[in-house]
Amino acid sequence: MDKEQLYDDWVNDVCDWINVFFKKHQINDAVIQSVPSEFNHEIETMLIGICPHEQLTKTVPSNENEWSDRNRFKSGNKGNIDEKGWWNSFFDSITDCNLKPNFSKDKTVFMNRIYSGYEGNIKGLIPELKNKGLTEYDLKEFFEKSADFTLRAIKDVFKPKLVVCLSVGWVYDYLKKRAGKNDFHEIWRGKYTKDSDSCKFNFSVGDYCGTKIIGIFHPTGARGIRTIDKELALDFIAKHINTNN
C-alpha cells in the first residue's frame with residue numbers, strides 16, 4: 001500500500017472516531033496536520049504540537065451526515081509552515097544554528113497530539129471538557145485515542161526520520177507512556193546547554209519503533225524569551241537531524 005493510501009485510511013479512521021465521540025459530546029474537531037507536498041518524498045522531520053488554537057465547542061455540524069469534514073482533514077492545514085506566524089517565530093533562527101541545510105519544508109509535516117481545538121491554556125482543557133459532561137472514562141478515551149492515532153501516524157503513515165515533540169510533558173511524555181516500554185525507549189533526559197550555563201531547558205530523546213523522538217519546549221512558550229533560548233532549541237533539533245543523515 002502506498003503512502004497516500006495509508007494516509008487516506010488514517011484520516012478516515014480518525015474521522016470515523018470523531019463522528020461518534022466528538023458528536024456525542026458536541027466537541028469541535030480541528031485541522032490537525034499538514035499534508036506532505038509530495039507523498040513520494042521521504043519525510044525527514046515530523047513536528048507534533050499539543051492542540052490547535054481553535055474553539056472547543058462546535059455550534060454547526062460540517063454537514064448533515066458527519067460531524068467532521070473529511071475533505072478538510074485530507075487536504076490538511078490550509079496554511080503551511082511559511083504561513084503560520086508562530087511557527088515562523090520558532091524557526092526564525094534556522095540559518096544561525098546550521099539547521100537549514102538539513103531541514104526541508106517539503107519533507108516536513110506537522111500535526112497536533114489532541115484532535116480538538118482549545119483557545120485557552122492547555123491546563124484548562126480538562127476542566128472545560130468536564131464542564132461539557134465528559135466523565136473520567138470519556139476523558140481517558142479522548143486522550144488515549146488521540147495518542148494512538150498520533151503514534152500510528154508516526155509508525156505506519158509518515159515514517160519520519162525524526163519526530164520533534166513541542167512539549168516534553170504534554171507531548172513527548174504522553175506518547176512515551178501510551179506507546180509503552182516495549183516500543184518506546186528513552187535514551188536521554190536532562191538539561192541541554194549550548195554555550196552558557198545560564199541558558200538551559202529540559203530536553204528528552206527517545207526511540208519509538210526505530211524513529212528518533214526528541215522533546216523540547218513549545219514554541220509559543222519561546223515567544224517572550226530570549227533569542228538565545230530559541231537558538232538553543234534549534235541547535236538541539238539540528239544536532240539530532242544531523243545524526244540521522
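**Close-up views of a predicted model**

**View A. His185 and the pairing of strands 4 and 5.** His185 has Asp207 in strand 5 standing opposite. The structure shown is a predicted model. Strand 4 and strand 5 run antiparallel and are joined by 8 bridges.

**View B. The hairpin of strands 5 and 6.** Strand 5 and strand 6 form a hairpin in which 2 residues lie between the strands. The two strands run antiparallel, with 5 bridges joining them. Tyr208 has Thr211 in strand 6 as its bridge partner. In the turn, Cys209 has a positive phi of about 50°.

**View C. The open sheet.** The sheet has 6 strands in the order 2-1-3-6-5-4, and its pairing is mixed. Strand 2 (108-112) and strand 4 (184-192) are the edge strands, each pairing on one side only. On average, neighbouring strands of this sheet are turned by 20° against each other, direction ignored. Strand 1 (residues 45-49) pairs with strand 2 in the parallel sense over 5 bridges, and Met46 stands opposite Val109 in strand 2.

**View D. Helix 6 across the strands.** Helix 6 (residues 168-179) lies across strand 1, strand 3 (162-165), strand 4, strand 5 (201-208) and strand 6 (211-215). The helix runs at about 155° to strand 4.

**View E. Tyr174 and the aromatic cluster.** Tyr174 belongs to one aromatic cluster together with Trp17, Phe21, Phe22, Tyr115, Phe142, Phe143 and Phe149. Arg113 lies over the face of Tyr174, at 4.1 Å from the ring centre. In the whole structure, a search finds 17 aromatic pairs.

Definitions and conventions:
Residues are numbered from 1 along each chain as its sequence is written. This is a predicted model: local features need pLDDT of at least 70, side-chain atom pairs count only at pLDDT 80 or more; totals for chains, interfaces and linings use all residues. Side-chain values use heavy atoms; hydrogens and water are left out. Rings of Phe, Tyr and Trp (its six-membered ring) pair if their centres lie within 6.5 Å; planes under 30 degrees apart count as stacked, over 60 as edge-to-face and the rest as tilted. A charge sits over a ring if NZ of Lys or CZ of Arg is within 6 Å of the ring centre and within 35 degrees of the ring normal. Two strands pair if DSSP finds at least two bridges between them. Helices (H or I, at least four residues) and strands (E, at least two) are DSSP runs, numbered from the N terminus. Axes are lines fitted to C-alpha atoms, for helices over the stretch in contact, and angles run from 0 to 180 degrees between N-to-C directions. Contact means heavy atoms within 4.5 Å.
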